[in-house]
Amino acid sequence: MTMTSRSGTILTTLDHRIPPFIPQGAEMMTAKVELPPGDPGTPPHRHSGPVFGYMLEGEMIFELEGEQERVIRAGEAFWEPGGDVIHYQAANHLKDAWTRFVVVMAGVPGEPMLTLVDEGELAARRDRRAPRPGEA
């Protein structure tokens, strides 16, 4: 939805969500992430609270537990619920250009905003990952 004020200011809603939860007394962080060409991004991880993002430039392969991987392009918004959901991929989809995006994260006070998931947990939750492209 786009609205224009009398002064000419334009406000465009990129995404509207009601997150499943916001941690009590949440800590908030805004960060810019820059991935060089072809970078695989952060290994599988989770966030203690929801994450909202906006792709500034480039393309990102984005995959959350239980969802098919997809490509997010410049000008698109994305989000993840945080909590127990594993974030498998946030990789630069382009081999010849940087990918840059901004995220706003709500986290549990005193806990890291991002926690890597170990191989044992990935194996135990393998059935929760959507089939990957090319898998039978």
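In which loop, between which two strands, is Gly-8 found? Select Gly-8 to begin, and the viewer will show this residue in the loop between strand S1 (2-4) and strand S2 (10-12), where strands (E, at least two residues) and helices (H or I, at least four) are DSSP runs numbered from the N terminus.

Before moving on, keep in mind that this is a predicted model, in which local features need pLDDT of at least 70 and side-chain atom pairs count only at pLDDT 80 or more, while totals for chains, interfaces and linings use all residues. Residues are numbered from 1 along each chain as its sequence is written, and side-chain values use heavy atoms, with hydrogens and water left out.

**Gly-8 and the whole chain**

Gly-8 counts as partly exposed because its relative accessibility is 42%, which falls between the limits for buried (under 20% relative accessible area) and exposed (over 50%), computed with a 1.4 Å probe and protein chains only. A distance drawn from the C-alpha atom of Gly-8 to that of Glu-63, 55 residues further along the chain, comes to 38 Å.

Zooming out, the C-alpha atoms of the chain fill a box of roughly 55 × 40 × 25 Å along the principal axes. The chain has 1 helix and 11 strands, in the order β-β-β-β-β-β-β-β-β-β-β-α, and buried residues make up 33% of its 136 residues. Among contacts (heavy atoms within 4.5 Å) between residues at least 6 apart in sequence, 77% join residues at least 24 apart.

**Strand S6 and its partners**

Next, select strand S6 (59-64), where 6 of the 6 residues are buried. In a regular strand the side chains alternate between the two faces of the sheet. Colouring the two sides of S6 separately shows Glu-59, Ile-61 and Glu-63 on one and Met-60, Phe-62 and Leu-64 on the other, with both faces covered.

Add strand S7 (residues 70-73), which pairs with S6 in the antiparallel sense over 4 bridges; strands are said to pair if DSSP finds at least two bridges between them. Glu-59 stands opposite Arg-73 in S7, and the two strands form a hairpin with 5 residues between them, in whose turn Gly-66 has a positive phi of about 85°. Strand S9 (87-92) also pairs with S6 in the antiparallel sense, over 5 bridges, and here Ile-61 stands opposite Ala-91.

**The largest pocket**

Now display Val-33, Thr-42, His-45, Phe-101 and Leu-114, which lie nearest the centre of the largest pocket among its 18 lining residues. On a 1 Å grid over the protein atoms alone, a pocket is an open set of points where a 1.4 Å probe fits, with protein on both sides within 12 Å along at least five of seven lines, and lining residues have an atom within 4 Å of a point. The volume, about 250 Å³, is the space filled by probe spheres set on the points.

Strands S3 (27-35), S6, S8 (77-80), S9 and S10 (99-107) each supply at least two residues of this lining.

**Val-104 in strand S10**

For the last stop, select Val-104, which lies in strand S10 and is partly exposed because its relative accessible area is 31%. Leaving aside residues up to four places away in sequence, Val-104 touches Met-28, Met-29, Thr-30, Pro-50, Val-51 and Phe-52. By contrast, a line from its C-alpha atom to that of Pro-133, 29 residues apart along the chain, spans 29 Å.
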